[in-house]
Amino acid sequence: MAHLNCPSCGAKVEFKSTVSLYTVCAYCRSYLFRGEEHFENMGKMADLPEDSSPLQIGASGIYMNKSFTIVGKNKMKWEDGFWNEWYLNMQDGTPAWLAEAQGEFILNFEQKGVSPSSLPRRSDIKIGQRLSLQNQTYTIVDIKNAECCGSEGELPFRAVPGEKRFSVDLRSTQGEVFSSLEFDETAKNDECRLYVGRYISLRGLQMKFLREFDGW
Amino acid sequence: MVGNSSKKVSPKVFNCPNCGGLLSISALGSTTTVSCQHCLSILDATHPLPKLIQKYTSNESYKPDIPLGTFGVLRGVKWKVIGFMVRMDRASSFAWNEYLLFNPYVGFVWLLQSEGHFSLAKSIRSLPEMTNDNQLILSGQNYQLFNSGTAIVKYVVGEFYWRVKVNDATEMTDYISPPYMLSIEGTASEFNWTLSEYLPAAEVQKAFPEQSNYLGYSIGVGANQVNPFQNDRGTLFWTWFVCALVMAAFGLYLNVTKPEKVIFLDKVGFPQGTKNIKVVSQPFEIPDGQGNVNFELYAPLNNSWMYAGVDLINEETGDSFSFDEGVEYYSGYDSDGAWSEGSYSSDRVVSSVPGGRYHLEYDLQTDAVAPVANVKVSRHGSMKMNFILALLLISLYPLIREIRRRSFEMKRWANSDFSPYYSYASGDEDD
């Protein structure tokens with residue numbers, strides 16, 4: 001767990017995940033990039049819009065007998081609303097994600113080593129189109145032109161307000177499986193990230209240190 | 001800020017941009033649309049301050065039975081009512097209520113209210129499969145097509161997690177497997193499956209005790225309401241069947257061990273050309289014993305009748321037992337083929353006949369030509385009547401239950417355009 005001091009305010013900044021590249025200083029909200037030898041200050045991160053998510057950085061849970069902690073938050077906005085992407089650090093150091101939208105939670109993992117030829121080109125993406133990925137058949141069910149609202153904590157990619165993303169939701173024949181393709185605005189050559197996971201309940205994750213709400 | 005868990009999160013309060021009234025948002029970040037409680041304006045909640053989209057121009061007003069902001073515990077989860085919507089089927093103008101329930105740890109569910117019947121509904125991700133035109137299967141359960149149409153939004157108040165306004169229309173189809181209902185809403189490219197479960201009135205009243213006076217008065221049968229006469233149908237049938245079998249076996253046993261004992265046989269012929277005779281029989285002994293005797297009249301007729309007024313007279317005491325018997329038999333051919341009506345024989349049980357010396361006096365009438373009346377007086381033979389009576393008795397309860405079960409189903413399907421009980425093509429009742 002590398003830790004250095006914030007170049008702006010001097011506070012101790014700790015990376016819980018070895019995979020994280022960016023973090024927001026908890027004290028002065030400077031947005032820091034984890035360079036090879038020191039942090040680079042990229043400016044101040046704007047406050048995220050408030051929400052009534054039960055999750056927060058520091059909350060923990062258990063998935064498939066492995067415990068995890070929430071270490072970062074990315075908030076995305078699109079034409080008809082918001083969603084959150086929570087970055088998890090599993091106890092064995094592997095990264096995972098908890099996507100949150102409209103009261104539903106999806107635990108998913110970025111798929112590494114997917115051959116680029118099996119992924120569709122951004123210009124080819126259409127709703128209803130069928131894809132074969134990792135021996136599974138998917139149908140494209142949703143396309144969103146989204147933009148980042150900002151981030152908190154640590155994340156493996158840059159997440160600053162205004163950064164655009166083309167987000168594609170896939171549905172497989174097994175309804176509970178969730179999959180998405182994320183194309184970053186700045187990505188070259190149609191590069192995209194593939195995420196695969198499943199719908200899950202917070203109770204099923206045995207989560208602790210969640211936010212508390214008036215009335216509950 | 002990170003990990004600031006000491007303060008409890010409260011609903012965010014805003015002023016309505018149209019009327020200035022206070023409105024609060026509990027599902028901040030999820031809520032896309034807010035309809036102001038005071039002026040019913042539709043507001044866009046995806047901006048830091050809600051923006052006006054549409055003012056309310058209708059004069060229709062609907063009052064939710066469970067007010068916004070009410071908390072209630074259903075199925076072990078504490079929910080808050082944050083939205084209320086009234087939708088109407090375009091074709092039939094049939095309207096129902098939908099309450100959006102929110103729990104920050106669990107998400108959203110819907111409480112549906114239709115003619116006083118309640119169901120709890122939630123979005124599902126699994127895709128049902130079509131087994132035939134009118135049937136779906138999901139998780140091993142078969143769902144029957146119940147209704148299909150266009151749902152129009154008539155009224156919205158409170159928070160919703162999608163963009164909604166009055167007069168929005170959605171294609172909607174319902175399939176039932178009581179207590180469940182599967183509904184699909186949307187278009188071919190964008191659709192949503194919802195699974196709802198029927199909630200008994202008592203459960204809803206318990207969840208919302210302050211409003212329980214208004215809840216639970218329902219009309220007719222709910223689409224996915226469980227038929228109370230359905231569940232033990234199998235056991236009931238087999239119990240009845242076994243009882244009938246046991247009775248039949250017992251009856252057979254009695255017939256074998258106590259066969260019919262003929263006391264007296266008589267043959268009465270009509271003299272040539274007569275249609276009416278009065279005859280007195282030879283005397284015979286009725287032994288002491290059970291008290292019941294069987295009297296049977298048998299006459300092979302064709303397209304005619306015979307009637308007997310009978311007196312069984314005790315020669316020692318002068319007591320008489322009087323009764324009538326009649327036989328008739330008709331047959332012929334018509335466009336459907338051969339038909340027949342009636343029977344050659346007729347019998348009855350004469351009860352409490354003490355032993356002694358008896359004779360019969362008959363008053364016979366007929367319209368047949370030269371018929372012969374055969375008379376048989378016997379004991380024990382006719383277990384038939386007792387068996388039929390007993391069978392009827394044990395069948396009474398299952399029969400009544402089956403009638404009630406069917407009546408319940410017909411009431412349920414009366415609200416459906418796809419009822420298996422009515423054939424719409426010919427307008428006849430079809431099963």
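Start by selecting residues 129-132 and 135-138 of chain B in this predicted model. Those are strands E11 and E12, which run antiparallel and are joined by 3 bridges. The two form a hairpin, with 2 residues between E11(B) and E12(B). For a landmark, show Met130(B) and look across to its bridge partner in E12(B), Leu136(B).

**A four-stranded sheet in chain B**

Next, pick up strands E17, E26, E20 and E24 of chain B, and colour them in that order. They form an open sheet, and the pairing is antiparallel. The edges are E17 (261-269) and E24 (345-350), each of which pairs on one side only. Look along the sheet for the twist, which averages 15° from one strand to the next.

Now keep just residues 293-298 of chain B, which is E20, together with E24(B). These two run antiparallel, with 6 bridges joining them. Put labels on Val293(B) and Val350(B): the valine at 350 sits in E24(B), and the two stand opposite each other. While the strands are on screen, it's worth recalling that strands of a sheet pair through backbone hydrogen bonds. In a regular strand, side chains alternate between the two faces.

**A buried glycine**

Hop over to Gly72(B), in strand E6 (residues 71-74) of chain B. Is Gly72(B) buried or exposed? It is buried, because its relative accessible area is 5%, and the cut-off for buried is under 20%. To see what is around it, show Val77(B), Lys78(B), Trp79(B), Ala207(B) and Phe208(B). Gly72(B) touches each of these, leaving aside residues up to four places away in sequence.

With Gly72(B) still selected, draw a distance to Gln365(B), C-alpha to C-alpha. You should get 80 Å, for a pair that is 293 residues apart in sequence.

**Backbone oddities**

Three spots in the loops of chain B deserve a look at the backbone. As background, most residues other than glycine have a negative phi, and most peptide bonds are trans.

- Go to Pro178(B) and Pro179(B), which are joined by a cis peptide bond with omega of about 10°. Pro179(B) is in the loop between strands E14 (169-177) and E15 (180-186) of chain B.
- Then try Leu40(B), in the loop between strands E3 (33-35) and E4 (42-44) of chain B. Phi here is near 60°, a positive value in a residue other than glycine. Leu40(B) counts as buried, at 10% relative accessibility.
- Finish with Ser93(B), in the loop between strands E7 (77-89) and E8 (95-103) of chain B. Its phi is also positive, near 60°. Ser93(B) is partly exposed, with a relative accessible area of 48%.

**All of chain B**

Zoom out and select chain B as a whole: 3 helices and 26 strands. The C-alpha atoms fill a box of roughly 115 × 50 × 40 Å along the principal axes. A compact globule of 431 residues would have a radius of gyration near 22 Å, but chain B comes in at 37 Å. Of its 431 residues, 42% count as buried. Take the contacts with a sequence separation of 6 or more, and 63% of them are between residues 24 or more positions apart. The accessible surface comes to about 23300 Å², with carbon and sulfur atoms holding 54% of it.

**Over to chain A**

Switch to chain A, where you'll find 0 helices and 15 strands. Its radius of gyration is 17 Å, close to the 17 Å that the globule rule gives for 216 residues, so chain A is as compact as a globular protein of that length. The C-alpha trace spans about 50 × 45 × 35 Å along its principal axes. Of the 216 residues, 51% count as buried. Chain A exposes about 10500 Å², and carbon and sulfur atoms supply 48% of that.

**Where the chains meet**

For the last stop, show both chains and select the contact: 32 residues from chain A and 36 residues from chain B. Interface size is often given as the accessible area lost when the parts come together. For chains A and B, the buried area is about 3300 Å², and carbon and sulfur atoms give 51% of it. Which residues in chain A lose the most area to chain B? Select Gln102(A), Arg171(A) and Trp216(A): together they make up 22% of what that side buries.

Notes
Residues numbered from 1 in each chain as written. Chains lettered and ligands numbered in written order. Predicted model: local features only at pLDDT ≥ 70, side-chain atom pairs only at ≥ 80, totals over all residues. Heavy atoms only, no water. Pairing = 2+ DSSP bridges. Axes fitted to C-alpha atoms, helices over the stretch in contact; angles between N-to-C directions. Rg over C-alpha atoms; globule rule 2.2 N^0.38 Å. Buried < 20%, exposed > 50% of the residue type's maximum accessible area, 1.4 Å probe, protein only. Areas by Shrake-Rupley, 256 points an atom, 1.4 Å probe, with all protein chains shown as cover. Contact = heavy atoms within 4.5 Å. Buried area = accessible area lost by both parts, 1.4 Å probe.
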